[in-house]
Amino acid sequence: MLEKVETLDLTKVIDEFEEMTRNAEEIQRQTLVDILEKNKSTFYLQRCGLNGSTDIDDFKAMVPLVTDHELEPYIKRIVEGDKSPILTAQPVPAISLSSGTSQGRPKFIPFTDELMENTLQLFRTAFAFRNRDFPIGYGKALQFIFSSKQYISEGGVPVGTATTNLYRNPKFKAGLQSIRSICCSPDEVIFSPDVHQALYCHLLCGILCRDEVQYVFAAFAHSLVHAFRTFEHVWEDIVADIREGVLSSRITVPSVRAAMSKLLRPNPELAELIRTKCMNLSNWYGLIPELFPNAKYLYGIMTGSMEPYVNKLRHYAGGLPLISHDYGSSEGWIGANVTPRLPPEEAVFAVVPNFGYFEFIPIAETEEALPKPVGLTEVKVGEEYEILFTNYAGMYRYRLGDVVKVMGFYNKTPQLKFICRKNLILSINIDKNTERDLQVSVEAAAKRLSEEKLEVLDFSSQVDVSSEPGHYVIYWEISGVPAMDALQECCNILDRSFLDAGYVGSRKSQNIGPLELRIVGKGTFKKVQEHYLGLGTSAGQFKMPRCVKHINIKVLQILSENVDYRFFSTAFDF
Ligand code: AMP
């Protein structure tokens, strides 16, 4: 019997969003004034010389554009337990540790009550629009969520990943209930100290309430793919658990065992049903709707660095729609997906004007010493910008490091497509290639691999300057081994697909050597992920590093120890 928990008026939520976005300019002004008014006593704003002013021109003249680097000393004081108003007038109740996989190093970020409120507002807004296009009933959601450990800093402040801080906040669970998505799994699974055991139990819990599952969620597409790849390996154990009503001995965490044992009863019919389905699927195509017949969609971030997983996800999803989750960061939310019908490749995010004060640096000016950012309602359709924001969590004109493209407007607020992280990841001399360029090149070469009925399971890269001339190294884990000449062709395609003039020119003049493709053994990227989990990254927030810097000795070691084959491009041999 499903409980009716919803009290949320979805039409009202949509109306509020419409109203707010129609008045985006005014809301932006009010939001900035409110942030400055609330935080005028802070050490940071005082130091900028604002002296209590809430005037936009004063703000722009006195508050500098910063990155996490400049904020580090202020945040360090907070972590050390300094309760004075440093970045925010109110004491910071917790600190988020960002995954760091996209920038190469973990960052500490204030997690405030306002950030929690924003999160709930964003979830409500996105749900209202999603539910208008893809209505779900009252039921459950299979959510692959993992709450890693929170620890208390020496200064007495709780520190955890942003998702951990969210899941451990009682307001969050209540907020989720109001959007009809009660997680299938008990809290003990979400908070399990062992993520592998948690994943197994999430899958098992999902199957136990398979008819009630309304949608399947993970924060990132990578986690969804990882979950169902894992299912391919553990399904027989799951079926055995259901048949006998006894939990596999692989689950050893006592709290998880106790919680799961309460849910399990011998159910031979269900076990047989799942077994038959698994035996009859061809290459696991359409696995998700087979397991969860009433699921209406899959939900998670599928844009940016998650795009490489979309094809695999489509394979598991059969015909189920894939809906892209919203756009934000540990530092603050940015935009909601209010056009959920768009496929992941076209997904856009409408900036939510009361989350903060948003500014945009035209892409051509991002390297300039004094770029001139424009306001939220001044951006131009078709242009790319670096985004910066000022919010209630103590970020003032903060450069997040993301590049976005304005695809259109929703009322008066821009709809953004995520393009890439600004940092160049592959560069030896005058060549400049971003994560996006790498992705495009890998996609082109993966097409050749698909002719061999094989796929790229995961990939990364490195710049190798240990010998002259330096060259790019691409690591691939693939689903099988084709003929060597096919891989040689893939290597050539990779090399030819970096189209930036600096690269092509340097290759032709042999200032950059032939691109190297290294094929690593099965499970190598899993080892990389485990390494990051060991460092405290949350399983739900993990993003594969697409370029491994030379200082990341451990990851380079994992990759190089597992190389099975190496190819050097012959694409530019004249
Ligand atoms: P984190 O540091 O773990 O909080 O990750 C935040 C970063 O993840 C953002 O700055 C983006 O680069 C990326 N990100 C977040 N949401 C999306 C999205 N919807 N699409 C693409 N990338 C995203």
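This is a short tour of a predicted model, with stops at the ligand, one glutamate and the nonpolar cores.

**Stop 1: the ligand**

Start by selecting the ligand and the residues around it. You should have 18 residues on screen, and Thr303, Gly328, Ser330, Asp402 and Lys543 are the ones that come nearest. Colour that shell by residue type and you'll get five nonpolar, nine polar and four charged residues.

Now zoom in on the ligand's nitrogen atoms. Pick threonine 303: an N or O atom in its side chain sits 2.6 Å from a ligand nitrogen. Then click on aspartate 326, where a polar backbone atom is 2.9 Å from a nitrogen of the ligand. Glycine 328 also uses its backbone, with an N or O atom 3.5 Å from a ligand nitrogen. Switch on a surface and see how much of the ligand is covered: taken alone it exposes 500 Å², and the protein buries 95% of that.

Which elements give two or more residues to this shell? Show the cartoon and highlight β10, β16 (398-410) and β17 (413-421). The largest share, three residues, comes from β10.

**Stop 2: glutamate 331**

Stay with β10 and follow the chain out of it. In the loop between β10 (327-329) and β11 (332-336) you'll find glutamate 331. Is this residue buried or exposed? Glutamate 331 counts as buried because its relative accessible area is 2%, below the 20% cut-off.

Show its side chain together with that of tyrosine 398: the two make a polar contact at 2.7 Å. To see what else packs around glutamate 331, leave out residues up to four places away in sequence and select its contacts, which include Lys107, Ile109, Leu115, Phe389 and Asn391. Ala393, Met395 and Leu400 are also among them.

**Stop 3: the nonpolar cores**

In soluble globular proteins, nonpolar side chains tend to be buried together. Here, the largest nonpolar core has 160 residues, and the members touching the most others are Phe144, Val216, Phe228, Phe231 and Phe292. Highlight helix α11 (residues 221-244) next, as it supplies the largest share of this core, eleven residues.

Centre the view on phenylalanine 231. Leaving aside neighbours within four places in sequence, this residue is in contact with Leu203, Ile207, Ile238, Ile274, Cys278, Trp284, Leu287 and Leu291.

For the last selection, go to the second core, which is separate and has 26 residues. Tyr472, Ile474, Cys491 and Phe498 are among its members.

Note on methods:
Residues numbered from 1 in each chain as written. Predicted model: local features only at pLDDT ≥ 70, side-chain atom pairs only at ≥ 80, totals over all residues. Heavy atoms only, no water. Helix = DSSP H or I, 4+ residues; strand = E, 2+ residues; numbered from the N terminus. Buried < 20%, exposed > 50% of the residue type's maximum accessible area, 1.4 Å probe, protein only. Polar contact = N/O pair within 3.5 Å; in protein donor to acceptor, adjacent residues only side chain to side chain. Contact = heavy atoms within 4.5 Å. Core = buried A, V, L, I, M, F, W, Y, C linked by side-chain atoms within 4.5 Å. Near = heavy atom within 4 Å. Areas by Shrake-Rupley, 256 points an atom, 1.4 Å probe, with all protein chains shown as cover. Nonpolar A, V, L, I, M, F, W, Y, C, P; charged D, E, K, R; others polar.
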